[in-house]
Every structure is written in C-alpha cells, then in structure tokens.
Amino acid sequence: MSKLLIVESPSKAKTLKKYLGKDFEVLASYGHVRDLVPKTGAVNPEQNFAMQYEVIDRNARHVDAIAKAVKVADAIYLATDPDREGEAISWHIAEILNQKKLVKNKLIKRVVFHEITKSAVEHAIENPRDISMPLVNAQQARRALDYLVGFNLSPLLWKKIRRGLSAGRVQSPALRLIVERELEIEAFVSREYWTIHLDSRKHQHHFDARLIQLEGEKVEQFTVTTREQQETIVGRLLLASAGKATVSRVEKKQRNRSPAAPFTTSTLQQEAVRKLGFTTSRAMRVAQQLYEGIDIGGGAVGLITYMRTDSFSIAAEAVMQIRDYIKKNFAGDYLPRSPIMYKTKAKNAQEAHEAIRPTDISRTPASVRAFLSDEQFKLYEMIWKRALACQMAPARFDAVSVDLAVGSEANLFRASGQTMIFPGFIAVYMEGVDDEEEESEAKLPHLETGEVLDVEKIFGDQHFTEPPPRYSEASLVKVLEEYGIGRPSTYASIISTLQDREYVLLDKKRFTPTDVGRVVNKFLTEHFTRYVDYDFTANLENELDNIAEGERDWIPVLEDFWTGFNQQVKDKANIDRADMTHELTGEDCPKCSKPLSKRLGKYGMFVGCTGYPECDYIRNENTGNPAGEPTVIGSDAETGKDILLLNGPYGPYLQLGLPEADAKKKPKRVSIPKEIVLADVNLAVAQKLIALPRDLGQHPETGKKIVANLGRFGPYVNHDGKFKSIPKSDSVFEIDLNRAVELLAQANAGPAPLRELGKHPSDEAPVAIYAGRYGPYVQHGKVRATLPKSQEPESLSFEDALSLLAAKVEKDGGTKKPASKTASKAKVSKTTTKKTVAAKKAPAEKATPAKKPVAKKASTASKPAAAKAAPKPRTVKKPAVKSAA
C-alpha cells in the first residue's frame, strides 16, 4: 500500500522519511500553499465573507509535485504543523486535491505530533483524525480580519499621510504601546528626593541601614526632597545618636524561591532576547531548526518539542524522565518529593500543546555541541536547562531584617539581607529580568535585640526619579502577552513589520517611535480609537479562541467587526490631510506673525509658517533653529574655526566656519548620520565628523590611498574608485589601514557565502547560498535563484538547491539566448560598418545600410531583457499584499 505524508518543511520531510521507511513518500508544501488574492474583493462581506484563494506562485511547483504523488498513493496523511496555521494548510491542500478530483475514495487524514521523534511520529500515524474545521475557521477568520483592516485602512493612510504605510489589527495597538511610552518619557518631570543612611559595624563586619521612621512618622519616598532638609535631619540624628545605635528588632525567616515554568513561545522569545541577545524572529528561526531535526551522528532528530505554544504543561512521560535525570545527577535534596505542575494562564493554550522542552533530557547540550551551530547550541542549552530546572527543588534563603533605633524608638533605620543556604534550581538556571534590579545578597552579622552598636556615619544620598524605560523586544513581547494582544507566534512578525514600515527604530536594544510612527498612531488613536484599543483587540483574540474551541461560528464574529469598522472607514474618508500632518504649535511666525505649525515632511518633522508659500519660514524640529541659523558647537582644534550646527532641507548638518565673502570655496559640510542622536552631538563628536573623510594611508599593493568616509548608505572605505561598506562591528572614526585592506580584499573576492552546499554534478563548480539585497539566493556560476520566503537558508538541502537552479535556467532559457544572439549580431554590424567606412565607400557597400536596422534591432532587443531583470514591477505589487498583514 503506497502512502503519502505531507509536511510543511523539507528538512522535516527528510527526518520523517527516515522514521517511516520505504512504504511512505514524504513531501513538503514549503509552508502555505494558498492565500487570498492580493486585491480588493478577496473577502466579500456581501456574500457571507466568501474568500477568494489562489495558489502562491513560489509554491506552485510543490503543489504540482504533491498532486502528482497523490495520483499514485492509496492513503494521504496531512502532517502540517500542530497549530491553527498548520490545520489551515492541511485544509487548503485537501481543498486543492478535491478541486483536482484526485482524492475520490482515497483515505485522507490529519496527523499531529508535537515532537519529531520516532515514537511520537509512529503514534500519530496510528491515530489519525479528520481535519478540525473549528481550527480552520479560526484561522480563516483571523486572515479575513487582517485583510479587511489592511485593505481598507492602509489606503486611507496613503491618502491622508504618506504612501507605503500600513495599519494592522495587532500591529497598530503594538505601535500605540511604543508611542505612548515615548510620550510618557517626554512628559516625565524628574523629582529630587533623598534617602538617609546609617553605616555601622559589628567587629569587622560593616553594613548599611536606611531610615524608615523619623520622629514616629513613616519615611516615604518624597519625605526628604532638598539638600537643606537632608542636612538638617542628618544633623539632628547625629546629635541624638551620640555615636551609638540600639538593635530594637531582629526578624529571621526562611524564604523559598521556586523555579520558573518551562518555556512557552512568549517566554522563550523574552529570554532569548535578554540572555542571548537574539531578536524574536531569530529565536523563532533557530527554534524551528531544533524542532525540525538536526543530524547528531545517527541521522536527523528533532531536539525540542513544537515551539509555538502557550502551554506550561509537560507530558507525564517527559516529567518522569527529567526527574530520573535529576535523581541520577544531583544530590537527593535537589529532587522534590512529587512532580511540579504548572498551571497554564492562557485561556486557549494552543490546543493543549506541551511547553517547549527537549525531546530527550538525557541528550545534554554538551553531548550535541559538535553537531550544532553556535546559535543552535545557545538556544538548545537554554531550553534544556529551563526544562530541567522546572522540576527541581526551590532555592532556600535565610532572610534577616534588623531595626536600629537612634536616640529613641521614634527614629528607626532598617537593614536587611539574605544568604542563600541551598541553591536548588538556581544551580542549573536563573530566569532573566528586564529592568528590575536583582535582590540584594548582603549578609548581616549576627545581632541580638538590645545590642548597642557604634555608628560610623549618618549621611544623605541624593536621587532623582527616572522615566519609565523604553520597550525592549523582551518587554514589548511581555506586555503584548499581558494585554492579550495577538498571539506569541505572531510577535516576531509584528515587531519586524513595525521596523520595516519605519514606524519604530531599535536603538541600543530599545524601541523609539519615528516621526512617521507618531503621526500614524495619532491618526489611528483619534479616528479609529476602538480598533487600536487594547481591550477591544484582546476581546477579538478571545473571540477567535472561541471559534477554535467550536463555541462560536466565525461568520457572526466577522459581521460584528465589519459593520462598525466599515462605517468608520466611510465616515473618515473626508478627513483633511492637513489635520493629520499639521499641528499648531501655539507660536507665531517671526517673519510674518502668522501661526506656526509642526508638520511631517519627507525628512521628518519640521516647523513651518501656515502662510506658505507667501512666507517661507522653516525651522528644523531636531535643533529648534530656523533654517540657515547656526548653533555654535565649539572651536575646531585644527583650524580654529567654529563648528556650526545648521538645518538643511535634508536634515541637520555640521559646517566648519561661516562662508567668507571673497572665498571661492564653500565651507566644509558634513551631514549628521541618522544613527547619531542629535542630542549626543557634542564638540568631541562634531570634531570626529568634521574630520571626515579620513586618509588611512596607501594600499600596500597599488600605492593608492584609502579613505574612510560617511555616505548615503552609511560608512565606507574607498580605494581607487572601489567602495566597501564598513560593518557595524567597526567604526568609521577608528578603522585603521590593515582593517580597510582586509575589507577591500573581501570586496574584490566577492561576497562570502552563507553556506557552501557542494559541487554541481555538471561541471564541479561550487553551489552556495549568499545573502542578497532582496533576500538569500543560491548560486552556481552565473545562475542565481532566489530562495522562497518560506525556505530558511540553514535548512536548504543540496538537492533542493539544484532544483531551484534548474527551474531558474528553464525559466530564463527562452529569453536569454535570443538576447545574446542579437547582441552578437549588433557587434557584427558595428564591425561591418567600420570596415565599410575604412574601405573608401566601394560600390558594393551600398547594400550596407540595410544592416543598420539590425543594429537598432539589437539595441532594442537588449532593453526588454534589462527590463525583465529590474525588480520594479514586483515592488509595485508588494505594498498591496503587505497591507493585508
């Protein structure tokens, strides 16, 4: 009996083929096989939200391969990923096969496994089920909602603000979070406050105590707010103490700290950002590789369970295996008497998945280190340690709190500390934090009530309140989950979209909204308040969960949303664009006295006169100065001239001195790169910038000079007309000659491959994967084939690479050859024409003009080939597709 198993990933297909044997053919769909038609009307609210699907171009050949295999198979098993997306992909595949009338009376079943191990896969094959339509409908509802928001709200943003913008059901509330945090920071007014401390000691053990009660009143954060007040209080306490303090209370207790729950998608992303420095998308990509299978010597095996989950639960079999490992490798008190159970917080925890854990706890990180890349090892080690720690005993601490009376019981200082007496789970893993400070591990000496101690000093310590921190990727993911906005599996794509649209910048691992992001957020919060409301977005997610559970029908959910949203879009169609991009400042123009307004321009925010074009007053919002009015940064050490900060049409720039009336040359100017915050441009930074370009010296081979400079696309080195970008790991201000020569050598050698796959069977030339401007591609000789978006470079096999290259040759074969022939004809005609001129117009040459059209033909024939290679026709369509996301 011939059996066909269909999965999403080609790397997973290889692993499963090994487990299932020769009776099974295993093929990959390469992710989604169908999507909505990228045009208006793909979701039709007038016809019960009928959805028009089409096969995705890049996966059409994979669909054809599946259809071909189905013809000769007796049973079809749909083994796409075990979540809503995977369920929907299985349904789409089944729909395509039914439309082609290929299934007929054949067995077609859905199989689900949460880890790629032989036992899990075999168990899934033995227990197939039908496609779950509630899960499919939940995914269809989600897709329809995203489409309706994107295709109706994004065009409104194009008309009212700027083309190329987009809004999204989940993306827009996430942007609102970042903008509102920035507004909090800007509105924050720092307050001064003081804490009063007492230093004491017993024998050689010094410790610090803090004032908690003054003259019988509790000391709050803002009890002491000035230096003078602090000095008065310290003076009184010193007099009252007479150099002594009495121990009035000693409290000892034991504290336990329990281990963190095993990883969910959200907590895995947070910890990967905090501990490993990954981005959320990088964490998910590497986790996918570990899940799908790594060859660890005996063939590929899945190292972790499925990585898209909200569940904290672990299979009983896995818990017992972890406990057995602890028992064998740790002392007896590290193992709790009974297994630790974790309660899942999420309402619908990804259809009863397990938490993320190793498929086999005995497969230690050290034992698989040789088979993993650095990033795979780091992530696997973190998952392994977290899973192990979650079943270990709590850590135990001796906590001590001591009150010291000064003068009387009315004045109390408190000292506290703790000592770890048993590490428990901390011996293996400690959860990271975002912005909170770690608890103090200060150790206090043994003290008794009534004991009198010497006071070494009493002093005040000045503090200032700080604004809330900007969101990092980890803290943004955490707050999105707390609000119930989106799902953890979508957080990485949400964050990427916000950055791709240039709504936010990730600077020093913290998100800052751009001017465009602020304006878009203002538009949405003012005119579509309900649809960027946190509770509304979270409630909509709950509705989708109810659909997945079979508790609600998906059509009424869409109707409830669409009725109000569609009316809102219609009502806002006549908003004046100026209302969105202009905002009165409350100031008058210094030139004509008309009101000034803050506006969004091509290069960011600026202040301009509302009387434009009659009045051309403009002021750059970054520096606060009118255009052309300089700010003196300081004096240049080399020339003695002032370094001036000015505003130009393309943003702020530095200038060395003012122009001289009789000078032929204009003063030297340097644009300030976007990555340098304007507030950070002091004299030292300005001198470094104004000193550019830097002459690094002569190239050792050519003797020509090498220059380091800043350009439109960032820092670069230049030698003999050849340019090479300076990577972020280097600085344009510090790069030396040797490093520049090394970078230029890399440029001459061509880009380094991401992966070398092997030698092509036809000519033994290398086949490798490279990073390109439009994404990764595989190259053999001069043939380049772009990888499908669903294909990760790390998991592309040599056979799949050959298939991509063959398809590219086949696709281009019919157009390239005629073009080259015509080009050669053009060369012949040019040569012939030159010869005829040199031959002094022989009579036979009268026929040569007939060849001129051939030359023209050649030049026009080459143009279509060039036009075909240009990416512009493709990029016109992309915004329309992306806006639905």
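User: How many disulfides does a search of the whole structure find?
Analyst: This is a predicted model, where local features need pLDDT of at least 70, side-chain atom pairs count only at pLDDT 80 or more, and totals for chains, interfaces and linings use all residues. Residues are numbered from 1 along each chain as its sequence is written, and side-chain values use heavy atoms, leaving out hydrogens and water. A disulfide is a pair of cysteine sulfur atoms within 2.5 Å. The number found by the search is 0.

User: Which cysteine sulfur is nearest to that of Cys 609, and is Cys 609 buried or exposed?
Analyst: The nearest cysteine sulfur is 3.3 Å away and belongs to Cys 592; Cys 609 is in no disulfide. Buried means under 20% relative accessible area, exposed over 50%, and partly exposed in between (1.4 Å probe, protein chains only). Cys 609 has 1% relative accessibility, so Cys 609 counts as buried.

User: How do the axes of helix α3 and helix α5 cross, roughly parallel or roughly perpendicular?
Analyst: Helices are DSSP runs (H or I, at least four residues), numbered from the N terminus. The axes, lines fitted to C-alpha atoms over the stretch in contact, with angles from 0 to 180 degrees between N-to-C directions, come within 8 Å and cross at roughly 100°. Angles under 35 degrees count as roughly parallel, over 145 as roughly antiparallel, 65 to 115 as roughly perpendicular and the rest as oblique. Therefore α3 is roughly perpendicular to α5.

Conventions:
Helix = DSSP H or I, 4+ residues; strand = E, 2+ residues; numbered from the N terminus.
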